[in-house]
Amino acid sequence: MGENDIRNDGPCGHIILIGFMGAGKSTVGRILSRKLSLPLLDTDAMIEEKAQMPISRIFARKGENAFRETESQVLKDLLQRREPAVISTGGGMPMREENRQLLRSMGTVVYLRVEPQTVIKRLASDRSRPLLQGGDRQEKITELLKQREPLYADAAHISVDTDSRRPEKVADEIRKRINL
Ligand code: S3P
């Protein structure tokens, strides 16, 4: 689907932010939620609540597959929601085809694009992301981003660059592009 073909074709017009770790989904989500007076939902926080443990522990105790199952379940739970919201997702949410379809059916999917070098800088002191622990961080980020880029693009209605831009500017561009 092309960038001009934006539609909220789901039961509800959510604004859904997708993109790699460090793209600014949570920060931009907070700003959008404030500016649009919409509630902010965060799928990672919902997963932690459902599992009653932090994400790092879910990965350590149950493994990535179990995390991905809960991630998909949380997305399905969100289908019940009628009131529009800004939804910030975990960076791996669009990896499953099923999730990409669900995301697109729920509202306008906004891909926050980021270059590997920016992720490396933004997450330099972050030790909480299980997928970035150990080994060569730069290599991991570059490789994962390369694998995921087409999946993000496939899931998104619009893409917005975030490199060297303040989150407020990113939020303003999103509002302009989706006429909010
Ligand atoms: C993940 C990203 C994280 C979190 C989990 C897995 C990923 O969310 O869901 O650690 O696969 O990219 P953020 O994108 O908010 O860091």
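At what angle do helix H4 (residues 64-78) and helix H5 (residues 97-106) pack, and how far apart are their axes? The legends below take this pair as a starting point, and every view comes from a predicted model.

**View A. Helices H4 and H5 pack at an angle of about 25°.** Their axes are 10 Å apart. Angles under 35 degrees count as roughly parallel, and H4 and H5 are therefore roughly parallel to each other. If you follow the pair in the structure, you will find that H4 passes H5 in a left-handed crossing. On the H4 side, the contact is made by Ser72, Leu75, Lys76 and Leu78, while H5 brings Glu98, Asn99, Leu102, Leu103 and Met106. Sorted by character, the residues of this H4 and H5 contact are 5 nonpolar, 2 polar and 2 charged.

**View B. Helix H3 (residues 55-62) crosses H4 at roughly 130°.** Here we meet H4 again, with another partner: the axes of H3 and H4 come within 7 Å. H3 and H4 are therefore oblique to each other. Look for Ile55, Ile58, Phe59 and Lys62 in H3, which meet Glu64, Ala66, Phe67 and Arg68 in H4. The contact of H3 with H4 holds 5 nonpolar and 3 charged residues, with no polar ones.

**View C. Helix H1 (residues 25-36) packs with helix H8 (residues 167-177) at an angle of about 55°.** The axes of H1 and H8 are 9 Å apart. H1 and H8 are therefore oblique to each other, and H1 passes H8 in a right-handed crossing. From H1, the residues to find are Thr27, Val28, Ile31, Leu32, Lys35 and Leu36. They meet Pro167, Glu168, Val170, Ala171, Asp172, Ile174 and Arg175 in H8. The contact of H1 with H8 divides into 8 nonpolar residues, 1 polar and 4 charged.

**View D. The ligand has 13 residues around it.** Which of them come nearest? They are Lys25, Asp44, Arg68, Arg129 and Arg148. You have already met one of these, as Arg68 is among the H4 residues that meet H3.

**View E. Three residues place polar atoms by oxygen atoms of the ligand.** For Lys25, a polar side-chain atom lies 2.7 Å from a ligand oxygen atom. For Asp44, an N or O atom in the side chain is 2.8 Å from an oxygen atom of the ligand. Gly92 takes part through its backbone, where an N or O atom lies 3.3 Å from a ligand oxygen atom.

Technical notes: Residues are numbered from 1 along each chain as its sequence is written. This is a predicted model: local features need pLDDT of at least 70, side-chain atom pairs count only at pLDDT 80 or more; totals for chains, interfaces and linings use all residues. Side-chain values use heavy atoms; hydrogens and water are left out. Axes are lines fitted to C-alpha atoms, for helices over the stretch in contact, and angles run from 0 to 180 degrees between N-to-C directions. Helices (H or I, at least four residues) and strands (E, at least two) are DSSP runs, numbered from the N terminus. Angles under 35 degrees count as roughly parallel, over 145 as roughly antiparallel, 65 to 115 as roughly perpendicular and the rest as oblique. A crossing is left-handed if the near helix is turned anticlockwise from the far one by less than a right angle, and right-handed if clockwise. Contact means heavy atoms within 4.5 Å. Ala, Val, Leu, Ile, Met, Phe, Trp, Tyr, Cys and Pro count as nonpolar, Asp, Glu, Lys and Arg as charged, and the others, Gly among them, as polar. A residue is near a molecule or strand if one of its heavy atoms lies within 4 Å of it. A polar contact is a pair of N or O atoms within 3.5 Å; within protein, one must be able to donate a hydrogen and the other to accept it, and residues adjacent in sequence count only if both atoms are side-chain atoms.
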